[in-house]
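Trainee: Could you pick one part of this model and take me through it closely, then show me how the rest is put together around the same kinds of contacts?

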Amino acid sequence: MIFSQVELAPADPILGLTDAFKADPREDKVNLGVGIYKDESGKTPILKAVKLAEEKLLQTEESKSYLGMEGVQAYNRAVQTLLFGADHTVVNNARALTAQAPGGTGSLRVAAEFLVRHTNTDTIWLSNPTWANHQNIFQSAGLKTQSYGYYKAETHGLDFDAMLSDLAEAKEGDLVLLHGCCHNPTGIDLNEAQWQQVAELCVAKSLVPLFDFAYQGFGAGVEEDAAGLRIVANIVPELIIANSFSKNFGLYNERIGAVTVVAANDAEAINAFSQIKSTIRASYSNPPAHGALIVSTILEDESLKQLWHEELQAMRERIAEMRSLFVASLKEYGVSQDFEFISSQNGMFSFSGLNKVQVKQLKDEFGVYIVGSGRISVAGMTKTNMPVICKAIAAVL
């Protein structure tokens with residue numbers, strides 16, 4: 001008997017929270033744990049651009065044959081344009097090669113397994129804090145994890161000095177996990193001058209950046225949010241990008257992402273990419289087509305692309321509105337503590353500063369579910385549930 005030896009796995013800190021939320025019978029419960037965009041009605045909509053692209057695909061798709069290991073070629077070209085812009089040197093010189101992968105998580109895992117199997121890299125540095133699943137992904141692939149300072153609790157802001165100081169201790173060939181924009185969970189991003197310093201440190205220490213780029217367009221805009229990545233790509237000879245279209249196209253259950261390897265020259269890019277494909281072959285062989293075809297159809301059609309940009313802007317602006325309303329509503333319900341820092345954070349999440357005791361009290365007494373770290377999904381807030389949220393927070397502070 002082999003299964004009798006298996007122990008029950010601990011609940012995932014985010015998905016396990018959703019399970020508990022679903023089991024909660026209270027009607028006024030609120031889930032601000034999982035990172036899913038909700039509209040004002042509390043639903044996760046399908047974008048109009050996506051629906052139109054699917055209608056077009058239904059009429060024009062001629063086969064359900066297997067894709068190659070690297071996925072839909074038009075999609076991979078579109079990914080590179082979004083990441084680097086229309087005329088970046090890493091694309092023009094064939095230093096960047098892209099493979100479709102199953103979501104951001106799958107992209108990170110493919111990158112990690114490739115690095116463990118085919119390079120001497122053994123350590124990746126993660127920001128403190130970072131997305132709850134990062135450590136699990138990289139350790140499961142065989143990488144050791146270290147952490148670098150990022151968040152300063154006293155100021156609710158970036159501790160850039162700690163970041164540079166900690167990364168100065170990294171050894172040659174170590175990976176550095178960087179959040180391309182809308183840092184998860186803090187919502188605090190580097191400015192362009194800081195990105196430049198990080199890039200220069202990576203060159204000086206021979207470190208390899210691995211970008212987790214899951215929220216492009218949810219910060220300042222599609223082009224603006226890629227500024228940090230492009231600064232690093234201009235300076236650092238080797239890097240890897242794992243990106244996702246779950247959030248900015250609303251394609252959560254299509255599991256559509258990509259892994260892009262950038263090498264010092266085209267020959268090394270070809271060699272590295274061949275092993276990326278080998279890693280894919282040993283894992284899931286080749287990716288599903290539908291999500292990639294949706295994205296490539298939208299980005300190749302000027303009217304659909306314009307519609308997507310408009311819908312993405314509307315999502316971005318709604319999140320910004322919820323940030324401002326959250327800060328104002330906390331004051332309205334008698335919270336004297338200064339929460340203005342939430343207005344300056346970017347993307348779907350806010351790092352509230354609430355402790356584990358307060359988080360538990362929110363869940364147990366008020367049915368308001370947030371992650372134990374104090375991360376709040378602002379994208380799940382609405383004008384309707386805002387009073388419930390803010391009254392509860394006021395009660396636990």
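Mentor: Let's settle one term first: helices (at least four residues) and strands (at least two) are DSSP runs here, numbered from the N terminus. Keep in mind, too, that this is a predicted model.

The part I'd pick is Thr 123, which sits in strand E3, residues 123-128. Buried or exposed, then, for Thr 123? Thr 123 is buried, because its relative accessibility is 4% and the cut-off for buried is under 20%. What does its side chain do in there? The side chain of Thr 123 makes a polar contact of 3.2 Å with that of Lys 171. If you skip residues up to four places away in sequence, Thr 123 touches Leu 143, Lys 144, Gln 146, Lys 171, Asp 174 and Leu 175.

Some of those names come back when you turn to the charges. Searching the whole structure turns up 15 salt bridges. One of them pairs Asp 364 with Lys 363, with 3.1 Å between the closest N and O atoms. Both partners are partly exposed: Asp 364 has a relative accessible area of 37%, and Lys 363 comes in at 26%. Elsewhere, salt bridges with shared partners tie Asp 122, Lys 144, Lys 171 and Asp 174 into one network. So look again at our threonine: Lys 144, Lys 171 and Asp 174 are among the residues that Thr 123 touches, and Lys 144, Lys 171 and Asp 174 belong to that network.

Glu 113 is another good place to look at charge pairing. Side chains of opposite charge can pair when their charged atoms come close. Glu 113 bridges to Arg 109, with the closest N and O atoms 2.8 Å apart, and Glu 113 also meets Arg 117 in a salt bridge, at 3.1 Å from N to O. Why do these partners line up? Glu 113 and Arg 109 are four residues apart in helix H5 (residues 103-118), so about one helical turn separates them. Glu 113 and Arg 117 are likewise four residues apart in H5, about one turn of the helix. An α-helix has 3.6 residues a turn, so residues three or four places apart point the same way. As for the surroundings, Glu 113 counts as buried at 17% relative accessibility, whereas Arg 109 is partly exposed at 31% and Arg 117 is partly exposed at 47%.

Now for the nonpolar side of things. In soluble globular proteins, nonpolar side chains tend to be buried together. In this model the largest nonpolar core has 97 residues, and Trp 308 and Phe 326 have the most contacts inside it. The element giving the most to this core is helix H13 (residues 302-332), with ten residues. A second core, separate from that one, has 28 residues, including Leu 115, Val 259, Ala 272 and Ile 280.

Go back to Phe 326 for a moment. Leaving out neighbours within four places in sequence, Phe 326 contacts Ile 342, Ile 376, Met 381, Met 386, Ile 389, Cys 390 and Ile 393. That brings us to helix H16 (residues 386-396), whose buried residues are Met 386, Ile 389, Cys 390, Ala 392, Ile 393 and Val 396. Looking down the axis of H16, those buried residues fall within an arc of 160°, so they line one face of the helix. What do they pack against? The buried residues of H16 pack against H13, helix H15 (356-366) and the strands E1 (30-31), E12 (368-369) and E13 (375-377). Within H16, Cys 390 is at 0% relative accessibility, so it counts as buried.

Speaking of cysteines, the whole-structure search finds zero disulfides. Take Cys 181, which is in none: the nearest cysteine sulfur belongs to Cys 182 and is 3.9 Å away, while the cut-off for a disulfide is 2.5 Å. Cys 181 is buried as well, at 4% relative accessible area.

One last stop is Ala 74, in helix H3, residues 73-84. Ala 74 is buried at 16% relative accessibility. Not counting residues up to four places away in sequence, Ala 74 touches Ser 296 and Glu 300. Ala 74 and Leu 312 are 238 residues apart in sequence, with 21 Å between their C-alpha atoms.

Conventions. Residues are numbered from 1 along each chain as its sequence is written. This is a predicted model: local features need pLDDT of at least 70, side-chain atom pairs count only at pLDDT 80 or more; totals for chains, interfaces and linings use all residues. Side-chain values use heavy atoms; hydrogens and water are left out. Buried means under 20% relative accessible area, exposed over 50%, partly exposed in between (1.4 Å probe, protein chains only). A nonpolar core is a set of buried Ala, Val, Leu, Ile, Met, Phe, Trp, Tyr and Cys residues joined through side-chain atoms within 4.5 Å. Contact means heavy atoms within 4.5 Å. A salt bridge is a side-chain nitrogen of Lys or Arg within 4 Å of a carboxyl oxygen of Asp or Glu. A polar contact is a pair of N or O atoms within 3.5 Å; within protein, one must be able to donate a hydrogen and the other to accept it, and residues adjacent in sequence count only if both atoms are side-chain atoms. The arc is that of the directions from the helix axis to the C-beta atoms.
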